[in-house]
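Subject: Structure handover

Hi,

Here is the structure I promised to pass on to you. Please have a look at it first, and then read on for what turned up.

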Amino acid sequence: MSDPPQMAIAYGGVDRAGRTRPRRTGGSTAHWGVLSILLWSLLTGGILSVFSGVLGCRASRALPETVCNDTTCVDAIMANVDAGAPPSERDKATAIATAPLPPITIRDADSLENAEYFDLTLADAIRTALTNSEVLRDLGGTVLRAPEQMSTEQTLPLVQTDPQSGIEAALSAYDAQLYALGKWQNNDRQFNNRFFGGGANSFQQDLHDYVFQTTKRTATGAELALRSITDYDANNATGNETPSAWQTQWHAELRQPLLRGGGLTFNRIGGPSALPGVYNGVLIAKTNNDISVAEFRRDARNYVSNVINAYWDLAYAYRDADARAEALERSRVTWRSYDAQKTSNRRGGSAEALAREQYYRFKSEYQDAVAGKLVGRTQVNNASSGGTFAGIGGVLATERRLRLLIGMPVSEGILLRPIDEPITAPIVFDTESLTAEAIRMRAELQQQRLLIKRREMELLAAKNFMLPTLDLISTYRLRGLGKDLTGSDSAFQEIGDMDFQEYEAALEFRMPVGFRQAHAAVQNAKLQIARDRAVLNEQQRQIIHDLLGVIAETDRAYALAETSLNRYLAARDALDALEANREAGLPISLEQLLDSQRRLSESQTRYYLAVTEYMVAIKNVQFETGTLLENTQIMIAGG
């Protein structure tokens, strides 16, 4: 491309002050300069884009609006904020579509006798829970008190996509960076000394500067740069060979840290922008991601444990209600019998009153067994890690609680009914193998061990700051100068001929006297490791303690179940004998009869309680060994 005539400058005019002025023979110099450099930018930008693609960078496909941006979206959001954030039409429609039916309560006559049931196995309950659980629910109202602490389906993706500490954020430090600068100047000034004015008292200049650069950080801490610098200068200096000239330079630059900040180890741990105590390299980000997976696995385990707890709570509630119903029916028959004797004057009123009191006593217990109270039931970390069986009945309240956990409508006119039978056979556990499995599998220990590994890597990075900074800087440069940018006798032709080559090398040294911050970082990292290892040892002791405790609990619950069964059989035999004597017309003690009915009801309920405690204890052994998810055939994606 030859220099267009519009860019030529002739001298021959004198301004009012007597200064020689350049005479432009055609159109705007800036216009042609910009046109030329745009063509050059297309070429250079394409080369740099290919270069950045080869380096593995992700290109941006969408440019956000920044100038004269339409604020419709944010205005609509703020209108809702100013109005107190009312529910949207979508929220209202969802609430209406999912509105539950009125709950079944004790007011409904014969709540359990005439209810419609849905038989539910434990496996179905867990499957339903995981299907309906975008949020891993708990029973303490955390979703209202501290919603930010809830684990959801988005928990792991949120950690992975964190723009500050995620893996992609750590990798972004090695993305190629493109940089471009275009600068245009028009200078018009007067000098009292011709030396400063380039041989004239006045100096007039059109100056363009264009810079295109791509930089890339490597895993060893080196920074590579490819740079194109082009300038156009048209001025009235008397020493110029031509009125205007293009100068272009191509740079290849390397800056390699030799001590502090250099090497694969430091950069993979700390990252290129690391400071003492602040590390966000790829390995740290990967470890943080694995820690979050262990945390999510722990939350998922707790959630499944609570679902199982709620299932056996409901199973016990039904059995407890059945036992109370049988006791109520026996007491009703006894009361009616003594009421009939009172009416025929064969018995005094005190006997009928005692029988009536027992009837209403059993009725109140049955009503509690059907409705239940709003009290805490079996859940994780109530006296034991996996949850100690609370032994509280109440079919309707417990059924709503199970529905809440597994994500079903809280009330839909149908009662869930567990149909899995509890295990009644003795189980003997191998304590040694279970202890080893707990140490290996518990999510809390996995999380703490990962944290220690992260601390150990941070110590390695901290030691790097004990070194002074020594950087090798090397630059290779090609130069070209010509009247035109391209074409014959141009700046680009001179670049291609490679007649003017330059090389520059330097060593840059910096060192803080005393390394006070670096020493503190190393000491802090060592203390963190010591603290976390002490915590790990204590966690292992706690887990072993809890594991041995639940193993002992299984033996206690099974032994108590056997004893309670024998007690129940004895109480039933005693009551059957008294009932047989009464039906045969033999005299019996009313107090003894009523006491036998109470004993039978208590022993029956106690037997169901012990059996359910045995099932929860077996589940807690799996909880303490860290195998609960595997035993329920649940896998954590990404774990």
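To start with a small puzzle: is E399 buried or exposed? Before the answer, please keep in mind that this is a predicted model. E399 turns out to be buried, with a relative accessible area of 4%.

**Salt bridges**

E399 has a charged partner: R403 forms a salt bridge with E399, and the closest N and O atoms are 2.6 Å apart. R403 is buried too, its relative accessible area being 0%. Both residues sit in helix α11, which covers residues 395-406. Because R403 and E399 are four residues apart in that helix, about one helical turn separates them.

A second pair within a helix is E456 with K453, whose side chains meet in a salt bridge at 3.7 Å, N to O. Here the helix is α13 (residues 443-464), and the two residues are three places apart, so about one helical turn lies between E456 and K453. Neither of these two is buried: E456 counts as partly exposed at 23% relative accessibility, and K453 is likewise partly exposed at 48%.

Then there is a salt bridge between E602 and R567, with 3.7 Å between the closest N and O atoms. This pair links distant parts of the chain, since E602 belongs to helix α16 (residues 590-625) and R567 to helix α15 (residues 516-583), 35 residues apart. E602 is partly exposed at 40% relative accessibility, and R567 is partly exposed with a relative accessible area of 37%.

Some salt bridges share partners, and these join R454, R455, E458, R531 and D532 into one network. Altogether, the count for the model comes to 38 salt bridges.

**Helix α16**

The helix that holds E602 deserves a paragraph of its own. α16 has 36 residues, and the distance from its first C-alpha to its last is 53 Å, close to the 52 Å expected at 1.5 Å a residue. Most of α16 is covered, with 28 of its 36 residues buried. Just after α16 comes G626, which takes a positive phi of about 80°.

**The six-stranded sheet**

Now to the strands. The model contains an open sheet of six strands in the order β4-β5-β6-β7-β9-β10, paired antiparallel. At its edges are β4 (177-190) and β10 (501-510), each of which pairs on one side only. Neighbouring strands of this sheet are turned by 15° against each other on average, direction ignored.

Strand β9 (residues 469-482) runs antiparallel to β10, and 10 bridges join the two. Across from R477 in this arrangement stands E502 of β10.

**Around H251**

R477 also leads to one last site. Which residue shares a polar contact of 3.2 Å with the side chain of R477? The partner is H251, and the contact runs between the two side chains. H251 is found in strand β7 (residues 244-257). With a relative accessible area of 10%, H251 is buried, because buried means under 20%. Leaving aside residues up to four places away in sequence, H251 touches A225, L226, R227, I229, Y476 and R477.

That is the tour. Happy to talk it over whenever it suits you.

Best wishes

Definitions and conventions:
Residues numbered from 1 in each chain as written. Predicted model: local features only at pLDDT ≥ 70, side-chain atom pairs only at ≥ 80, totals over all residues. Heavy atoms only, no water. Buried < 20%, exposed > 50% of the residue type's maximum accessible area, 1.4 Å probe, protein only. Polar contact = N/O pair within 3.5 Å; in protein donor to acceptor, adjacent residues only side chain to side chain. Contact = heavy atoms within 4.5 Å. Pairing = 2+ DSSP bridges. Axes fitted to C-alpha atoms, helices over the stretch in contact; angles between N-to-C directions. Salt bridge = Lys/Arg side-chain N within 4 Å of Asp/Glu carboxyl O. Expected span 1.5 Å × (residues − 1).
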